[in-house]
Amino acid sequence: MTNHSETTGSSENGDLSGPATPGGRAHTPCDSPGDEHQITLRTPAELADALPYLLGYRPEDSIVLAALRDRDGRGRFGGRARLGIPANADDWAGAAGQLVHGLVTGSERRGARPEQMVAYLCQEPARGETGREVMERLRPLAQKLRVECGALDVPVVEALCISAGRFWSYCCDDAVCCPAEGTLMGLPGTSVLAAAATYAGIQVRGSLSELRARLLPRENAAAHEQEAALDAASMTLVARILDDTGRSDVAGETLDLAQRVMRRLTGAPPVSGMPAEDLRDDQLLGHDEAAALILGLQDRTTRDHAAEWMEGDEAGPALRLWRALARRCVGPYGEHAAAPLTLAGWVAWSTGDELEAREALAMALGADPDYLFARLLHQACNEGLDPESVRRCLRTERGGRGGTGGGTPGGEERAGAPGKGEPAEPSSAPLTPSGRRRRTRSAASADGARRRARTRDRESGAKIGHPRTPAGGERPGVARAGRTRPRASGTATGRKDACAEGRGRGEPGAEGGGERL
């Protein structure tokens, strides 16, 4: 699993909320499209049952914090944060501090400082271990969370361990409601809270591992064929990308191919279930096509044009394509997954699926921690910012090229693809993930930023730099020619300059040259 933190936004749109009461219980109104329906959470059992609805999925091997804040005399669940449980107990203190401080400071920036906290530890027993033994083993971690919260004057009103279908409370010693052997969790979807959440439109999408499976490289017989196709494609495409004229040609070919595949996905018959959907999409994408697209998207400008397929009829097939390409980044090409994973995260965020967006962007950073575009989007998504500012900028860029940067998957072949004999323009998205304040630029200032970006690119001659052998290197005894990844030069492009408005304020992505967007 990726061990990263994810912090959701406030709970004003259909999330569960409720006022804290003495003893660490919460009355929970469920915001619905109609009148507000209150649900009272009086017991640890009800709090344990609420966890999947707070996150939108069933966490595994996780530390979860849910903030409570007062509003009109009633407490409400505010931000939530999750972090994987470190395997080494020596890392627990750092993980607890990171999670608590991240949630509290993030909530403060949104003007809703937590007043109380509910903590969850979720982990399944190892072989030969019982749920109760898991609870006892994790007790020091629960105590560290309580200490970190207390240091910030945010008391933990309940701390629960969920393991092996049971839960235990670290705060309650009443054997009636919290027996030593633990309490059985209710069947999923059978509680009053589950019914209210369903009515309010809150969905639980299974486990986090099931969501990740849609984005992880395949490990089957076809993976060897895909790796061979990537080896063959890199022999020709990398050399072309490193050439100015060839680079623009590859950009146009990549975008044209992506649109053809998107139309193919759009016309595919529907199937039931996520695994079946992914298998269908995999069968519609050839190994050579996937290799050409994966390598073509390593070019920053090509990726930016592809990011314009973010809404309307284009978003669905684009997201399916980016998922499929992430699954094809097999073997030593794992680092190449940063581009399709970032695009998948961006489209998911743009279409309102923050859960998949955060996970895809976190996985992109796992593939390449220096991928600045993923870092900016991941922080902005976690800060609860509105993606409309990025969409607006991409629409402007696309309109500035006369709509040639991306076509409709169901339409005709795109004519005048960027890169046919002339370099594509760098795009600029005014993404400000600092969480301090959303800034809306006027059209005139946005145009000025783009002109300045183009001038910088012309003066610096920014282009793809020397290829770098991906992590893992060559396999012993196997000669692999051309397995390189085109890298951007250290000179920043227009998008980086426009997006990283936090430069000089210590925010991610504000560093100088050498980072890739």
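Let's start at a turn. Strands E8 and E9 form a hairpin, with two residues between them. One residue in that turn, Ala-164, has a positive phi of about 55 degrees. Keep in mind that this is a predicted model.

Stay with the hairpin. E8 covers residues 156–163, and E9 covers residues 166–169. The two strands pair in the antiparallel sense, over four bridges. Within that pairing, Ile-162 stands opposite Phe-167 of E9.

E8 has another partner. That is strand E7, residues 116–122. Here the pairing is parallel, over six bridges. Two pairs to look for on screen: Leu-121 has Cys-161 of E8 as its bridge partner, and Val-118 has Glu-158.

Are these strands buried or exposed? Mostly covered. In E7, six of seven residues are buried. In E8, eight of eight are buried.

Now the wider view. The protein has 517 residues, and 55% of them count as buried. Its secondary structure comes to 18 helices and 10 strands. Take the contacts between residues at least 6 apart in sequence: 72% of them join residues at least 24 apart.

On to the cores. In soluble globular proteins, nonpolar side chains tend to be buried together. Here, the largest nonpolar core has 61 residues. Leu-293, Trp-309, Leu-321, Trp-322, Leu-325 and Trp-346 have the most contacts inside it. Eight helices supply at least two residues each: H7, H8, H10, H12, H13, H14, H15 and H16. Which helix gives the most to this core? That is H13, with nine residues.

Apart from this core lies another one, of 30 residues. Its members include Leu-103, Ala-119, Met-135 and Val-156.

Back to the largest core, and to one tryptophan. Leaving aside residues up to four places away in sequence, what does Trp-322 touch? The list is Leu-297, Ala-306, Trp-309, Pro-340, Leu-343, Ala-344 and Val-347.

Last stop: two of the helices that feed this core, H8 at 244–266 and H12 at 312–327. They pack at an angle of about 105 degrees, with their axes 9 Å apart. That angle makes H8 roughly perpendicular to H12. From H8 come Ala-258, Val-261, Met-262, Leu-265 and Thr-266. They meet Glu-314, Pro-317, Ala-318, Arg-320 and Leu-321 of H12. By type, the residues of this contact are seven nonpolar, one polar and two charged. Leu-321 ties back to the earlier list, as one of the residues with the most contacts inside the largest core.

Conventions:
Residues numbered from 1 in each chain as written. Predicted model: local features only at pLDDT ≥ 70, side-chain atom pairs only at ≥ 80, totals over all residues. Heavy atoms only, no water. Core = buried A, V, L, I, M, F, W, Y, C linked by side-chain atoms within 4.5 Å. Buried < 20%, exposed > 50% of the residue type's maximum accessible area, 1.4 Å probe, protein only. Contact = heavy atoms within 4.5 Å. Pairing = 2+ DSSP bridges. Axes fitted to C-alpha atoms, helices over the stretch in contact; angles between N-to-C directions. Parallel < 35°, antiparallel > 145°, perpendicular 65-115°, else oblique. Nonpolar A, V, L, I, M, F, W, Y, C, P; charged D, E, K, R; others polar.
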